[in-house]
Amino acid sequence: MPAPSEAPLTPTHCPYCALQCGMNLRVAGPERGAAPGETGASVRDGGTVAVEVVERPDFPVNQGALCGKGRTSTALLSASARLTTPLLRDPATGRLEPAGWDEALKVLADGLRRTRATHGPDAVGVFGGGGLTNEKAYALGKFARVVLGTSQIDYNGRFCMSSAAAAHQRAFGLDRGLPFPLADVPRTGCVVLVGSNLAETMPPALRYLTELRENGGRLIVVDPRRTRTAEQADLHLSPRPGTDLALALGLLHLVVSQGRTDEEFIAARTSGWPEARAAAMAHWPELVERITGVPVPQLREAVRMFCDAPSAMVLTARGPEQQSKGTDTVGAWINLCLATGRAGRPLSGYGCLTGQGNGQGGREHGQKADQLPGYRKLDDPAARAHVARVWGVEADTLPGPGRSAYELLDALGTDVRALLLMGSNPVVSAPRAAHVEERLRSLDFLAVADVVLSETARLADVVLPVTQWAEETGTLTNLEGRVLLRRRALAPPPGVRGDLDVLGALAGLLGHAKGFPAEPREVFEELRRASEGGAADYSGISYERIAREDGVFWPCPREEPGGTPHPGTPRLFLDRFATPDGRARFVAVAHRPAAEETDAEYPVVLTTGRVVAQYQSGAQTRRVAELNAAAPGPFVELHPRLAARLGVAEGEQVAVVSRRGRAVAPARITPGIRADTVFMPFHWPGEGRANTLTNPALDPVSRMPEFKVCAVRLEAVERDG
């Protein structure tokens, strides 16, 4: 065996957030798998294989920096930490028992076939994940529509960026999280960061804000909590959760009243300004202060910072987006950018900080309810015809749009009787989680493909163990729209198969022997053809180009006029917006309350989020000892005045009760949160499950649930003895 320092390095990317930080993997052992398709090491816990994360300073996004999750990401590669054999539920005992692959796939195929035959194709649902590679997301959407013939497919990314995506589409005609590279952020004059705690959710990105301030730029953070990110700000605005829309409108009112609009830009490059201006003028500063709790002097200071800067950006995350008015809220922030000429120009614009590892690519290639590959619309006849040709089917055989993620989960056991779920854990991550768990239990048949036995997998009739990031090749698209190549570094343990292999085998059992290859490169080549001419055009991107260029920004058509390769598009909208007339569209919006306001019975607002040492539902990170030591369990963050009224001390148990359920966790008392608000992280199951409480009220456009705002009451939990 070579010494660890002598073993070759495999360049790849972190399996967690949408930064997709570059890293190298060093695999020491009798075999390795450094190239796509190469046989790799397969012996793990006997000590013959060691996998080490090594910095990759030449990758531009993170320049070698990694957070604790990235540094410890190889811990789950151990066979002892994950699933290595299929599981079937024994009807006699009700327990999940080990089974062979042939048997498990047959039971799965029979369950799907039986449901279709009895109840019709739309009785079968498919639920995907924002962590799946582009190849997997593409194949899953194709499998649902071609093999199963179902319209009932969506994915957990609906819970992440869908409101920003909808607002992007309305205003710009195109949805890409950031219309510019992260490298532009330190070079702008002012950044307004709305509802993002970058310091904990994607720590390596914090350096961009640090460099911004070092370069003389200003940082405004909008967050009801004084987070580690807010501590870096020149100005921290702390609005009541659910009032970000009023805040943005109030800032635009001040821009107009102070004569700071860019009339030349508005006239030349936008439409709809008179209506949007009139809507904003109904939100005068004193009214906005009453709604949001942000003092008028702070509103004026924010406008001064934003407008005095020669260039500026607004970046939003889940705070303003995970609301029942999230699309309009993001639209109001976009209106602020357009009115001041801070869009479609260098070092300026609106962007969304996408959350999940492939949250961007995952919503582009067909696992979304209303979408076909290339960000095509499923109800567009031309789009259907193009994709049908690539797939070798008739366009009229493709089903139409289906239910959004929460609506699909809510229909389980009634309209949808069987579900295939890949890469998601809705028992922990979905709103009104106790109800979703009940719906999952009511299914006639549930199959889950995952790396670990998640809380959702524990409910399944069939559980399939699948490969992880370091054991597979594939592409992902980070928050910048940069398409990246994940490279296989080692083979999976015996008994584990890839998602593409699973879909191909299952398709064969259901009568589709061709069209679902297990080789990622072959799937990507088909994805290129399917996306060609679409909004998210990947046809000019190849594995070789990605490796050579450290990623390629879409859209990237096959070639430029004249036959030269297209360079990719790091910066969007500099010449025109992606609307039919090339103009960005103002959308007139007005503040409205959250779907559930506080009252005498539920007088406090709950908001939710993440902590630095855990990720999403925690299915993976809760299995890493170092991360669990840093963040061992849930907590309730509350202001000292609220704690005093309740009679609760630091660390004592607090019950948080909403109209949907009750959660219990230790108190964490801090003056860094509003006195009318409590915060809970959502990474844990059990009695501390934050999403037991959250409200599934949906945005009418994006169908995003209102994770970030619900009314609760707090109760002290009686001490033992």
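Me: In helix α4 (residues 162-172), how many of the 11 residues are buried?

Reply: The model here is a predicted one. Begin with the cut-off: a residue is called buried when its relative accessible area is under 20%. By that test, 9 of the 11 residues of α4 are buried, so the helix is largely enclosed by the rest of the structure.

Me: Which residues of α4 are the buried ones?

Reply: The first run is S162, S163, A164, A165, A166, A167 and H168. A171 and F172 are also buried.

Me: What covers the buried residues of α4?

Reply: The cover includes two helices, α12 (318-321) and α13, along with the strands β13 and β22. Just past the helix, G173 follows α4 and has a positive phi, near 80°.

Me: Which residues are buried in another helix, α6?

Reply: Start with the general idea. An α-helix has 3.6 residues a turn, so residues three or four places apart point the same way. Now the case. Helix α6 covers residues 206-214, and its buried residues are L206, R207, Y208, L209 and L212.

Me: What do the buried residues of α6 pack against?

Reply: They pack against β8 (190-194), α5 (198-201) and β9. Just after α6 comes G216, with a positive phi of about 95°.

Me: Strand β9 has come up. Where does L219 lie, and is it buried or exposed?

Reply: L219 is in strand β9, which runs over residues 218-222. Its relative accessible area is 0%, so L219 counts as buried.

Me: Which residues is L219 in contact with, leaving aside its neighbours within four places in sequence?

Reply: A contact here means heavy atoms within 4.5 Å. With those neighbours set aside, L219 is in contact with V191, L193, L209, L212, R213, Q232, A233, D234 and L235. Two of these names have appeared already: L209 and L212 are buried residues of α6. For a pair farther apart, take L219 and L372: they are 153 residues apart along the chain, and 38 Å separates their C-alpha atoms.

Me: What does a positive phi tell me in a residue that is not a glycine, such as L347?

Reply: It marks a backbone worth a second look. Most residues other than glycine have a negative phi, and most peptide bonds are trans. L347 has a positive phi of about 65°. It sits in the loop between α13 (326-339) and β13 (349-352). With a relative accessible area of 18%, L347 is buried.

Me: Where is R703, and what is its phi?

Reply: R703 is in the loop between β28 (695-698) and β29 (705-706). Its phi is positive too, near 65°. R703 is partly exposed, its relative accessible area being 25%, whereas L347 is buried.

Me: Which two residues does a cis peptide bond join?

Reply: W554 and P555, with omega about 0°. P555 is found in the loop between β21 (552-553) and β22 (584-585).

Me: How many cavities of 30 Å³ or more does the structure hold?

Reply: The general idea is this. Rolling a probe the size of a water molecule over the atoms shows where empty space is left. In this structure there are 9 cavities of 30 Å³ or more. The second largest has a volume of about 100 Å³. It is lined by 16 residues, and the closest to its centre are P179, F180, R345, S348 and L572. Its lining has 10 nonpolar, 3 polar and 3 charged residues.

Me: What is the volume of the largest pocket, and which residues are closest to its centre?

Reply: The volume is about 360 Å³. Among its 22 lining residues, E200, R225, V611, F635 and R668 are the closest to its centre. By class, the lining divides into 9 nonpolar, 5 polar and 8 charged residues.

Me: How many helices and strands does the chain have, and why is it called as compact as a globular protein of its length?

Reply: The chain has 23 helices and 30 strands. Its radius of gyration is 25 Å, close to the 27 Å that the globule rule gives for 721 residues, so the chain is as compact as a globular protein of that length. Of those 721 residues, 65% count as buried. Among contacts with a separation of 6 or more, 74% come from residues 24 or more positions apart.

Key: Residues are numbered from 1 along each chain as its sequence is written. This is a predicted model: local features need pLDDT of at least 70, side-chain atom pairs count only at pLDDT 80 or more; totals for chains, interfaces and linings use all residues. Side-chain values use heavy atoms; hydrogens and water are left out. On a 1 Å grid over the protein atoms alone, a cavity is a set of points where a 1.4 Å probe fits but cannot get out, and a pocket is an open set with protein on both sides within 12 Å along at least five of seven lines; lining residues have an atom within 4 Å of a point. Grid points are joined across faces, edges and corners, and a volume is the space filled by probe spheres set on the points. Ala, Val, Leu, Ile, Met, Phe, Trp, Tyr, Cys and Pro count as nonpolar, Asp, Glu, Lys and Arg as charged, and the others, Gly among them, as polar. Helices (H or I, at least four residues) and strands (E, at least two) are DSSP runs, numbered from the N terminus. The radius of gyration is taken over C-alpha atoms; the globule rule is 2.2 Å times the number of residues to the power 0.38. Buried means under 20% relative accessible area, exposed over 50%, partly exposed in between (1.4 Å probe, protein chains only).
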